[in-house]
Amino acid sequence: MRGRRAPMVSVDDLRLAARRRVPRFAFDYVDGGAGAEDGLSRNRAAFRKAIFSPRVLVNTEGALDTGRNFLGRRWSLPFGVAPMGLAGMAWPGADIALARAAQAAGVLYVAATPATATLESLRTAAPDSAWFQLYVGKSAEITDDLLARARAAGYDTLVVTADVPRPGKRRRDLRNGFALPLCMGPRMLADLALHPAWALATLRAGAPRFANFQQYAGAGAGARSLAELMAGQSSGRLDWALLARIRAGWPGRLVLKGVLAPDDALRAAEAGVDAVQVSNHGGRQLDGAPAALDALRAVRKAVGPGYPVAMDSGVRSGEDILKALDAGADFVFLGRPFLYAVAARGDAGAAEVVGLLHAELVQALAQTGRAALPEA
Ligand SMILES: Cc1cc2nc3c(=O)[nH]c(=O)nc-3n(C[C@H](O)[C@H](O)[C@H](O)COP(=O)(O)O)c2cc1C
């Protein structure tokens with residue numbers, strides 16, 4: 001039994017709490033970045049460098065409306081949950097906990113191709129709030145089938161991730177020997193023994209697996225063949241021609257995620273993509289990628305005011321969300337903060353961190369002398 005819960009003060013605190021509760025190899029999978037993790041630091045440095053020009057004597061006494069129209073719907077907040085594969089590594093059941101919390105709060109949630117729950121179950125958990133994120137894999141049949149399943153499940157918006165032509169080189173994972181299926185050496189066993197709550201919860205739930213791929217590996221397939229199938233799915237075949245085919249075949253809205261170059265954003269708009277998501281994958285892919293916040297400014301300048309642009313990578317507070325909106329984002333996504341929250345506080349952490357970020361955003365609006373969100 002835990003005593004009275006400590007107040008949730010910041011995402012940074014949640015990260016530290018998650019680090020205590022989760023085995024090192026699992027925490028590093030969530031927390032780590034590619035290469036020397038310069039890209040990871042660059043994202044944060046860009047937010048630190050951005051400062052506001054606060055105004056005074058603006059009456060901000062009334063309730064501040066933080067709702068936002070984005071791609072055909074009004075969301076209760078201008079931020080949402082970015083797609084995250086293997087979220088169950090942070091804590092078993094994290095995918096479903098986040099989807100349910102998003103649905104309850106009217107917040108946007110993006111279900112990932114390599115999720116640890118099926119896309120069907122995530123849509124059921126968030127029938128009004130979930131989009132589907134697609135990784136284009138080596139097998140055209142599997143990619144087509146994932147799209148057909150997403151349509152059948154009722155997803156109306158597809159997010160195609162463009163920044164993984166090869167898997168990122170994450171040194172922490174390599175050092176920890178982290179790969180699926182988990183291969184328990186003495187170091188990993190000691191790590192589990194030091195984190196019994198995570199170990200027991202994982203034992204009860206079953207080891208995290210790529211739930212969407214189970215049916216392609218065969219119903220009785222073990223964790224190893226499933227993981228091998230998934231590893232073989234990493235592919236560099238997504239190009240503009242294939243994107244055009246996906247566009248032609250997908251009847252709903254289409255978002256291209258992982259755009260950094262203004263010219264790519266312009267080309268995506270020409271190709272009938274409904275929005276671009278400026279992102280460097282949270283520093284997990286190319287270590288030398290520009291900070292997403294800097295790329296966002298350049299992309300917004302190129303596409304002009306009317307075209308929908310979202311961003312993610314490095315957002316850790318309500319002030320950061322406002323900085324991203326000020327820099328030209330219509331909508332902001334966060335990744336790791338949601339996993340830190342569930343790892344640190346259990347399922348309830350998902351709703352708590354939404355509340356924390358909302359409160360910080362309202363505070364930042366008032367502190368900068370604004371009675372409403374900046375215009376999209
Ligand atoms: C554990 C983890 C798994 C991720 N898996 C995916 C994925 O399957 N598909 C995808 O498009 N992006 C994935 N991402 C990237 C996120 O969608 C997002 O771009 C990134 O986390 C944003 O940076 P932040 O964590 O600093 O907020 C993943 C990120 C993390 C932390």
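## Aromatic pairs

A search of the whole structure, which is a predicted model, turns up 11 aromatic pairs. One of them joins Phe 25 and Phe 178, whose ring centres are 6.3 Å apart with 25 degrees between the planes, a stacked arrangement. This pair bridges distant parts of the chain: Phe 25 belongs to helix α2, Phe 178 sits in the loop between α7 (171-176) and α8 (186-193), and 153 residues separate them. Phe 25 is buried, because its relative accessible area is 1% and the limit for buried is under 20%. Phe 178 has 12% relative accessibility and therefore also counts as buried.

A second pair is made by Phe 70 and Phe 331. Their ring centres lie 5.0 Å apart and their planes meet at 10 degrees, so this pair is stacked; the cut-off for stacking is an angle under 30 degrees. Here too distant parts of the chain are linked, with Phe 70 in strand β1 (residues 68-70) and Phe 331 in strand β10 (residues 331-334), 261 residues apart. Both Phe 70 and Phe 331 are buried. The two residues belong to one aromatic cluster, which also contains Trp 75, Trp 131 and Phe 333.

## Surroundings of the ligand

Which residues come nearest to the ligand? Of the 25 residues around the ligand, they are Pro 83, Gly 85, Thr 161, Arg 316 and Gly 335. By residue class, the shell divides into 11 nonpolar, 9 polar and 5 charged residues.

Several polar atoms of the protein face atoms of the ligand. A polar backbone atom of Pro 83 is 2.7 Å from an oxygen atom of the ligand. Asp 312 places a polar side-chain atom 2.9 Å from an oxygen atom of the ligand, and Gln 133 has a polar side-chain atom 3.2 Å from a nitrogen atom of the ligand. On its own the ligand has 600 Å² of accessible area, and the protein covers 98% of that area. Two elements, α2 (24-31) and α16 (336-345), give two or more residues each to the shell. The greatest contribution comes from α16, with 3 residues.

## Thr 113 and Gln 133

Gln 133, which has a side-chain atom 3.2 Å from a ligand nitrogen, is also approached by Thr 113 through its backbone. The side chain of Thr 113 reaches the backbone oxygen of Gln 133 at 2.6 Å. Thr 113 is placed in the loop between β4 (109-111) and α5 (119-125).

Is Thr 113 buried or exposed? Thr 113 is buried, because its relative accessible area is 1%. Neighbours within four places in sequence aside, Thr 113 is in contact with Phe 132, Gln 133, Leu 134, Tyr 135, Leu 146, Asn 212 and Phe 213.

## Residues with positive phi

Leu 57 and Leu 71 are residues other than glycine with a positive phi. For Leu 57 the angle is near 60 degrees. Leu 57 is in the loop between α3 (38-49) and β1, and it counts as exposed because its relative accessibility is 87%, where the limit for exposed is over 50%.

For Leu 71, phi is near 50 degrees. Leu 71 is found in the loop between β1 and β2 (73-75). At 13% relative accessibility, Leu 71 counts as buried. A glycine, Gly 328, also takes a positive phi, about 115 degrees, just after α15.

## Helices α15 and α17

How many residues of helix α15 (residues 318-326) are buried? The count is 7 of its 9 residues, so the helix is mostly covered by the criterion of under 20% relative accessible area. The buried residues are Gly 318, Asp 320, Ile 321, Leu 322, Lys 323, Ala 324 and Leu 325.

One of these, Leu 322, is paired here with Val 362: the two residues are 40 apart along the chain, and their C-alpha atoms are separated by 9.4 Å. Val 362 lies in helix α17 (residues 348-367). Its relative accessible area is 26%, so Val 362 is partly exposed. Residues up to four places away in sequence aside, Val 362 touches Leu 64 and Thr 66.

Key
Residues are numbered from 1 along each chain as its sequence is written. This is a predicted model: local features need pLDDT of at least 70, side-chain atom pairs count only at pLDDT 80 or more; totals for chains, interfaces and linings use all residues. Side-chain values use heavy atoms; hydrogens and water are left out. A residue is near a molecule or strand if one of its heavy atoms lies within 4 Å of it. A polar contact is a pair of N or O atoms within 3.5 Å; within protein, one must be able to donate a hydrogen and the other to accept it, and residues adjacent in sequence count only if both atoms are side-chain atoms. Accessible areas come from the Shrake-Rupley method with a 1.4 Å probe; for residues, only the protein chains shown count as cover. Helices (H or I, at least four residues) and strands (E, at least two) are DSSP runs, numbered from the N terminus. Ala, Val, Leu, Ile, Met, Phe, Trp, Tyr, Cys and Pro count as nonpolar, Asp, Glu, Lys and Arg as charged, and the others, Gly among them, as polar. Buried means under 20% relative accessible area, exposed over 50%, partly exposed in between (1.4 Å probe, protein chains only). Contact means heavy atoms within 4.5 Å. Rings of Phe, Tyr and Trp (its six-membered ring) pair if their centres lie within 6.5 Å; planes under 30 degrees apart count as stacked, over 60 as edge-to-face and the rest as tilted.
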